[in-house]
Amino acid sequence: MNNLKLNNGCGMPLLGLGTSKTGSEELTHAIKFAIDEGYRLFDCAWRYHNLEAVGRGIRAKIEDGTVKREELFITTKLWRAFMRKEHMDECMNDTLQKLGLDYVDLFLIHFPEASLYAGLHHNELFDDAGKIVVDEGIHYTETWDHMQRFVEDGRARMLGVSNFNCYQMKKILNDCKAVPVVNQIEVHPYLTNVELVELCQANGVAITAFCSIGTTDRGAHMHPSQFPLLLQDPVLEKIAKKHGKSSAQTALRFCLDRGIAVIPKSVTPSRIRENMNVFDFKLDEGDMRELFKLNRNHRYMGTLWHSHHKYYPFRTDYSE
């Protein structure tokens with residue numbers, strides 16, 4: 001597995017398995033199959049409510065001797081309801097307990113905007129109108145500074161952020177001592193995210209892309225124009241055919257050739273294997289130009305539930 005060198009000198013696999021929206025035994029089997037296929041990075045989060053299934057798969061392959069813990073790279077995230085100093089330990093400790101691990105390799109702030117603390121049994125609290133109760137009294141830079149203790153006490157090997165926009169990354173870089181090793185964001189040919197990727201990479205912050213092959217989670221009520229299916233794009237299909245690869249492999253390569261790590265999610269063995277088979281080809285300059293032209297600033301994961309928060313990262317012309 002090829003590695004991406006991080007700003008702390010450590011390596012992170014360029015390709016891993018995403019684990020959102022899946023749970024139970026299906027995910028455990030997928031984790032075990034992926035490890036057998038050579039995957040070493042697994043991206044998870046407290047919010048996904050499937051950490052036990054992830055942990056069972058990881059521990060099974062450690063126990064049978066297939067892999068050692070130190071050969072794996074486990075990423076997880078601080079949910080936004082735990083962003084205050086007095087609550088973040090609860091999220092971390094619950095995460096480790098459910099995974100059955102002593103530490104994680106990378107711990108990210110899941111989103112820059114906080115919601116009101118809701119305990120371990122609820123994601124968020126809602127008001128009488130059904131609106132999420134936000135917490136605008138905690139700034140993400142405070143959360144970032146308080147998180148450093150997880151590296152100091154060994155519960156995390158390194159720290160990063162997720163879903164931070166350009167303004168928020170500059171705020172972290174300018175106002176905080178520690179520099180994130182990673183910003184995990186949405187990147188694919190329909191959302192090339194050039195400015196944010198270039199800002200992060202110029203400052204030594206690696207990018208991990210989610211939704212790098214798009215997603216098919218389109219609601220039945222949605223018109224195709226509201227939710228375009230990336231893998232059916234004719235330009236992507238044409239370039240894929242040229243290389244003898246699938247549209248998904250070509251979309252993954254679009255990120256990899258920009259020095260961006262990818263974490264496509266699947267529980268289907270054939271797709272898990274296919275997604276790994278992307279290191280035997282590269283896209284040429286013409287391919288990349290065509291794929292960049294597909295950009296339409298389309299965001300598959302916009303988290304509109306939090307759009308009223310003053311630190312909501314996807315607002316146009318964001319400022320504080």
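Two residues are taken to be in contact when heavy atoms lie within 4.5 Å of each other. By this criterion, in the predicted model described here, Thr-95 touches Trp-46, Leu-51 and Thr-76, leaving aside residues up to four places away in sequence. Thr-95 belongs to helix 3, which spans residues 85–99. With a relative accessible area of 0%, Thr-95 is buried, since the limit for that class is under 20%.

A good place to continue is the sheet. Eight strands form an open sheet in the order 3-4-5-6-9-10-11-12, and the pairing is parallel. Which strands stand at the edges? These are strand 3 (16–18) and strand 12 (261–262); each has a single partner strand, so one side of each is left without a neighbour in the sheet. Helix 7, made of residues 194–202, packs on this sheet and touches both strand 10 (182–186) and strand 11 (206–210). The direction of helix 7 makes about 170 degrees with that of strand 10.

Further along the order, strand 4 (residues 41–43) pairs with strand 5 in the parallel sense, over three bridges. Within this pairing, Leu-41 stands opposite Phe-73 of strand 5. Strand 5 itself covers residues 73–78 and is mostly covered, with six of its six residues buried. One of the contacts already described for Thr-95 of helix 3 is with Thr-76, and the residue range of strand 5 includes that position.

Strand 9 offers a similar view of the sheet from another place in the order. Five bridges join strand 6 (residues 104–109) to strand 9 (residues 156–162), and the two run parallel. Leu-106 stands opposite Met-158 of strand 9, and Phe-107 has Leu-159 of strand 9 as its bridge partner. As a general point, side chains in a regular strand alternate between the two faces of the sheet. Strand 9 is also joined to strand 10, by two bridges and again in parallel; here the bridge partner of Val-161 is Asn-183 in strand 10. How many of the seven residues of strand 9 are buried? The count is six, so strand 9 is largely enclosed by the rest of the structure.

Helix 7 deserves a closer look through one of its residues, Cys-200. Cys-200 is buried, with a relative accessible area of 1%. Apart from residues up to four places away in sequence, Cys-200 touches Met-169, Asn-183, Val-205 and Ile-207. Asn-183 thus appears twice, as a contact of Cys-200 and as the bridge partner of Val-161. Cys-200 and Ile-35 are 165 residues apart along the chain, and their C-alpha atoms are separated by 30 Å.

The next topic is the second largest pocket. In general, rolling a probe the size of a water molecule over the atoms shows where empty space is left. The second largest pocket has a volume of about 490 Å³. Its lining consists of 24 residues, and those nearest its centre are Asn-165, Cys-166, Asn-193, Arg-299 and Pro-313. Helix 6 (166–175), strand 10 and helix 7 are the elements that give two or more residues to this lining. By class, the lining holds eleven nonpolar, seven polar and six charged residues.

Asn-193, one of the residues nearest the centre of that pocket, also stands out in its backbone. Most residues other than glycine have a negative phi. Asn-193, although not a glycine, has a positive phi of about 55 degrees. Asn-193 sits in the loop between strand 10 and helix 7 and counts as buried at 16% relative accessibility. Asn-297 likewise has a positive phi, of about 50 degrees, without being a glycine. Is Asn-297 buried or exposed? Asn-297 is exposed, with a relative accessible area of 58%, and its place is in the segment after helix 11 (285–292).

Finally, Phe-227 is found in the loop between strand 11 and helix 8 (234–243). Phe-227 counts as buried, with a relative accessibility of 6%. The C-alpha atoms of Phe-227 and Gly-65 are separated by 43 Å, the two residues being 162 residues apart along the chain.

Conventions. Residues numbered from 1 in each chain as written. Predicted model: local features only at pLDDT ≥ 70, side-chain atom pairs only at ≥ 80, totals over all residues. Heavy atoms only, no water. Pairing = 2+ DSSP bridges. Helix = DSSP H or I, 4+ residues; strand = E, 2+ residues; numbered from the N terminus. Axes fitted to C-alpha atoms, helices over the stretch in contact; angles between N-to-C directions. 1 Å grid on protein atoms, 1.4 Å probe; cavity = no way out; pocket = protein on both sides within 12 Å on 5 of 7 lines; lining within 4 Å. Points joined across faces, edges and corners; volume = space filled by probe spheres on them. Nonpolar A, V, L, I, M, F, W, Y, C, P; charged D, E, K, R; others polar. Buried < 20%, exposed > 50% of the residue type's maximum accessible area, 1.4 Å probe, protein only.
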